[in-house]
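Colleague: I have a few questions about this one before I go back to the bench. Could you take me through it?

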Protein chains: 2
Amino acid sequence: MARVNDHFRLLKAGYLFPEIGRRVRAFQEANPDKSIIKLGIGDVTEPLPAAIREAMHAAIDELGDRDTFRGYGPEKGYPFLREAIAAHDFKGLNVSPEEIYISDGSKCDCGNVLDILAANGANKIAVADPVYPVYVDTNVMAGNAGPADENGRYEGLIYLEATAENDFQPAIPEAKADVVYLCYPNNPTGAVASKEYLAEWVAYAKRHGSLLLFDAAYTAFIKDADVPRSIYEIDGARDCAIEFRSFSKNAGFTGVRCAFTVVPEGLTGTASDGTEIPLAKLWDRRQSTKFNGVSYIVQRGAAAVYSEAGQRQTGELVDFYMENARLIREGLSALRMDVYGGVNAPYVWLKTPGGDSSWEFFDRLLTKANVVGTPGAGFGAAGEGYFRLSAFNSRENVIAALERIKAAL
Amino acid sequence: MARVNDHFRLLKAGYLFPEIGRRVRAFQEANPDKSIIKLGIGDVTEPLPAAIREAMHAAIDELGDRDTFRGYGPEKGYPFLREAIAAHDFKGLNVSPEEIYISDGSKCDCGNVLDILAANGANKIAVADPVYPVYVDTNVMAGNAGPADENGRYEGLIYLEATAENDFQPAIPEAKADVVYLCYPNNPTGAVASKEYLAEWVAYAKRHGSLLLFDAAYTAFIKDADVPRSIYEIDGARDCAIEFRSFSKNAGFTGVRCAFTVVPEGLTGTASDGTEIPLAKLWDRRQSTKFNGVSYIVQRGAAAVYSEAGQRQTGELVDFYMENARLIREGLSALRMDVYGGVNAPYVWLKTPGGDSSWEFFDRLLTKANVVGTPGAGFGAAGEGYFRLSAFNSRENVIAALERIKAAL
């Protein structure tokens, strides 16, 4: 009998976004004349920058000529892209192109990284609450989480609560976690981490031999000069941290698909006999066995992000969404709501007004203002009573959404 | 302490193709004036067909316009592609678009499918010998293989020997395997399976509750009308088989990246408490949690394979490589070599002449004829004494390689 992975049965049935979709569809069917504005899912809306499109057109033409045709590329990505990333995104940080692994998405990398770590509870995992659900669900699948309680909290995980009370910076725990997921700028709260705060985590990791999985997918949205863009700005982070980055949000790649992961040389994990094993060696083996590299066309597009025109155009894209974030922040503040994030991050996190639960507010916003956001409780128990609005939409829609919210609430 | 996946340490260090690369580089450095012809790795060489390029150009333009921009797509792929696949590749076979999952490569799918199955030896795995190394290595990583003996055979796996003696059709084993990997047309032997033979496997799977993982990446190269193109041509296969397909070889997508997997509705595996769990539900959850879909541009390119022009152009591509295969087969037969495959498959498999070991013949071919092939022993113990030549090259190179082999051996 082919036996299935039993751990899948521990997953909570309703992943957040399908449930949102269900409620939106039901409302739309009952109210076909209403136009709904979606500020829920963090998906980009603006056109792909010209420099990127031009590079991809050229790459397709190359594939049409026998002399310039390219078949299988290096599993870890072409040097032209890894070198551009190292030179631009990690300038002065001593990250070499060899330490960069190109992939088709941070969601994939965040999940697949568990392949190289011991499973079935051999590592104690810490996640923030609220949290990007992928970190939790992939650990459930790997057998690291155990069953969930009635609040949806898995008994095998350490939860680090991030609420207004602690300024969305979870306390460094007393307990020892072997693997800690950190996401800054944060999804969903929009909080950023100071250098001092990240240094505390690096010290914690060194003390316990922990691995930090640092998700920097939204790093391009950081505007303040003193906010670290990379975990490697912290001394010692190369010895304890993997960093995930993506082209999805800064370059409009959610449908194009390109991301990368940094695994520093010298970063190790421990085998059961105590041997220190370089994680880069394991990740390289994982990727070359289970992955065949990102489309050449897409890699050329990603490399164009680092051209002069690409830097200008993606900079404008980021500025555009950040202006949306500012409008949402200020618009809701003017309505006397408690609003967080949205300054160095494309997400605005707010306290639901009037004591509504997250889903009550979701329904109120949907039915009264015809605006869709994301209930905080969908990101974890500590997200109850909060709500996320995304800055990824057209200016027109953002302004209209704010007017509707003002009129309805 | 972050603990690593100990199973990685059981992997044989030298994956086949890096070792080939090492020897070729060493020879080239010692002989910089020699031009080497590579018939080793199964990578395509001919230009990407025009219909595919046109569709991808158009898709890029769509992404450049706010009104037609597309962000995140469905994780399982766009309906336009899944519907085209169902209509063309599974005509008359009752495979619905909903059962098709688009991915960025069959290598990924063959590896990732283990995520939904119980690991650490809970399933007994059977593989052919010789075999595509990814099936074995991913099972080593999942803890299903145990340690290897001096021939590189893992003690936890069931090996199904395919040699000239059994016409490269392994005997159906007495032992019960929970999961069986089948690859037809076969990599590396070029053998195909008859309907009767596959029906025996389906009967075996039904008897034991086994899952068949059917890799049909080379199905487009089948020319004989009576050779099945899909496992679903066999009655009952929908109850016991997953099928993997790829655009890599028929459409020249090794650098473009697109493939798909069929998980029939109603196909189940067993949980530890005996409950039957639909595998499609698990695979859908796996893909939506750890994957974000294939690039929209690439999916448009793949859909163009099914246009009238695309069918004609990819048909010509397949014919071109198959003419190479015929030339290799007949050229080596004329040299009185024992040659197999190459009729319904792009690989020619030969008995090494003069009693050479696989690697001895590799070295002889490299140094005397400056031609690179793949040593059969690299695919498993039963591949010793065999050698693979790939039909993926230009006509000119294939003809030159044959002349060199004739002159040198």
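**A strand and a two-fold**

Modeller: Gladly, and please keep in mind that this is a predicted model. A good place to start is the pairing of β7(A) with strand β8 (residues 259-262) of chain A, which runs in the antiparallel sense over four bridges, with Thr261(A) in β8(A) as the bridge partner of Phe244(A).

Colleague: And in what sense does β7(A) pair with strand β6 of chain A?

Modeller: Strand β6 (residues 211-215) of chain A pairs with β7(A) in the parallel sense, again over four bridges, and there Glu243(A) in β7(A) is the bridge partner of Phe214(A).

Colleague: Is β7(A) enclosed or open, then, and which way do its residues point?

Modeller: Six of the six residues of strand β7 (residues 241-246) of chain A are buried, so the strand is largely enclosed by the rest of the structure. Ala241(A), Glu243(A) and Arg245(A) point one way, while Ile242(A), Phe244(A) and Ser246(A) point the other way. In a regular strand, side chains alternate between the two faces of the sheet.

Colleague: Changing topic, how is chain B related to chain A?

Modeller: A turn of 180° with a shift of 0.0 Å along the axis lays chain B on chain A with an RMSD of 0.0 Å, and that is the relation of a two-fold axis. Of the residues of chain B, His57(B) comes closest to the rotation axis, with its C-alpha at 3.1 Å.

Colleague: Through what surface do the copies meet?

Modeller: They meet through the same surface, because 99% of the interface residues of chain B are also interface residues in chain A.

Methods:
Residues are numbered from 1 along each chain as its sequence is written. Chains are lettered from A and ligands numbered from 1 in the order in which they are written. This is a predicted model: local features need pLDDT of at least 70, side-chain atom pairs count only at pLDDT 80 or more; totals for chains, interfaces and linings use all residues. Side-chain values use heavy atoms; hydrogens and water are left out. Buried means under 20% relative accessible area, exposed over 50%, partly exposed in between (1.4 Å probe, protein chains only). Two strands pair if DSSP finds at least two bridges between them. Copies are superposed by least squares on the C-alpha atoms of residues with pLDDT of at least 70 in both. Contact means heavy atoms within 4.5 Å.
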